[in-house]
Amino acid sequence: MDMVGGGTTGWYPVARAAEVGTTPVPVGAGGRSYVVVRLRPHGEVTAFPARCPHRLVPLSAGRVEDGRLVCPAHGWRFDGEGRWTEVPSLGADGCPPPRADLRGPWAVEERHGWVWVAPEPTTGRPPRPAADPRPAPDPGPPVPAGPVFDNLAPALEHAWHPVALSRELRPGGWSQVRLLGCTWNLRRGADGAVAVEPAAFGVRERLGLIWLAPAEPADVPLEVPEVGDRRFVAGWLPPLRSPGPAGPLADTFLDATHGPFVHAATIGAVDRTEVVPGEVVREPGGFSSIQEQWVDNPVDPEVATGGRPLRQRRRTTYTFRAPFRMCLRQEFLDSGAATTLLYLLQPEDLDSTRVYTCLLVSAGPGQPLPTPAWMAEQVALQRRVLAEDVRSQETLAVPGLPLDPRDEVHVPADRLGLALREALCDFTVAGRRRHRAA
Ligand code: FES
Ligand SMILES: [Fe+2]
């Protein structure tokens, strides 16, 4: 490694100047991780920290637009000094907390054909590099400093977890599943009952899924009235595996601000980024909240005939039950149609979460039941939306959901995200109590 100085002081050659353009390049200097980028074609090089302060998304996935670095997750924009210039969820007049600014290295300089970074104040200028300098390896974006809620959190033992669709286990059949870093064998007897090995507190079926509780759980069921409502037709998405922990994925499902950015190609209303946060109502085992926003509704049949505009007002009632059960009732206020989405997560391993998604669709009062063709269209749309969410998780690359509010920067639209973190803190404390009592 070529450098001048030691530890985090001194100048580090991080990339050939010719290889740095308007696409952020992840680099390492002094054991720290940064991205270097030109905010204008052929302009000077700027260095930013590796992660966005909001939800810790690696800025190597960001893009340059109008001389700003734009984070791909919620569209926060930063200028060459690292100062935020726009937080879309706040609207034009919003003012985020000072911690929203990026803290880059002390200096970055282009010299002798190389980009040099000095993480801390140092003396002198970057030297002429050795004939073939070897930049330090990028240590990767730093993980949060405080505790995170990961897929092996001990409290998770004391909960019901979905482990398979009921229809995945036929009478007389068996299946191996992963849960909390262990393998479990499920077997369905000829009488239809499901047994599990090794022994667990229990196994049961509910909402079309098989659920497993390794140890005595806190049992606060997620109520879904649409399941017994004859105006609703149900459709399941094929279960999907997300290569990361369940906590950040739950955070995404509860987040109303990522739509215009992560879902720009499907349902995100890219010119409606401001989010007025709804109140959060604490409830046993979780919380609920109601939120209204503008979205595109391409599967509304009236859109194709010109009876209604594509852009529609939607009210969403979010219900969360720890650890990873979410119900989003989306009501389209113009048509009266409603789609309820169930997201139920199986924490398999540290880096693997299985996602079960059920759609319950109603065409609205006085309307006929959704046809199979319409359901197929809805399921196809939600599969694309879910794939976008899972792709954003691949980029995120964090070990779990940060529980210390100081590890991220929160704005008013993040109310549900904060409530999620609090609920998982409460869940952790309750789990510890149960563990001690056992
Ligand atoms: S804007 Fe960067 S993570 Fe939210
Ligand atoms: Fe999403």
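**Cavities and an iron site**

In this predicted model, the second largest cavity holds about 50 Å³ of space.

Biologist: What makes that space a cavity rather than a pocket?

Modeller: A cavity is a set of points where a 1.4 Å probe fits but cannot get out, whereas a pocket is open. Arg-204, Arg-206, Leu-207, Trp-211, Pro-221, Leu-222 and Arg-325 line the second largest cavity. By class, four of its lining residues are nonpolar, none polar and three charged.

Biologist: How much space lies in the largest cavity, and which residues are closest to its centre?

Modeller: The largest cavity has about 260 Å³. It is lined by 25 residues, and Asp-255, His-258, His-263, Ile-267 and Arg-314 are the closest to its centre. The lining comprises twelve nonpolar, nine polar and four charged residues.

Biologist: Why is His-258 called buried?

Modeller: Buried means under 20% relative accessible area, and His-258 has 8%, so the word applies. His-263, with 4%, is buried because that value is also under 20%.

Biologist: What makes His-258 and His-263 donors of the iron ion (ligand 2)?

Modeller: A donor is an N, O or S atom within 2.8 Å of this metal. The NE2 atoms of His-258 and His-263, together with two OD donors of Asp-389, lie 2.1 to 2.5 Å from the iron ion, so they qualify. Along the chain, the spacing of the donors is H-x4-H-x125-D.

Biologist: And why is the site of the iron ion called irregular?

Modeller: Its four donor atoms make angles of 56 to 150°. Tetrahedral needs all angles between 85 and 135 degrees, and square planar needs opposite donors over 155 degrees apart, so the site is irregular.

Terms used. Residues numbered from 1 in each chain as written. Chains lettered and ligands numbered in written order. Predicted model: local features only at pLDDT ≥ 70, side-chain atom pairs only at ≥ 80, totals over all residues. Heavy atoms only, no water. 1 Å grid on protein atoms, 1.4 Å probe; cavity = no way out; pocket = protein on both sides within 12 Å on 5 of 7 lines; lining within 4 Å. Points joined across faces, edges and corners; volume = space filled by probe spheres on them. Nonpolar A, V, L, I, M, F, W, Y, C, P; charged D, E, K, R; others polar. Donors = N, O, S within 2.8 Å, 3.2 Å for Na, K, Ca; no water. Tetrahedral: all angles 85-135°; square planar, octahedral: opposite > 155°, others 65-115°. Buried < 20%, exposed > 50% of the residue type's maximum accessible area, 1.4 Å probe, protein only.
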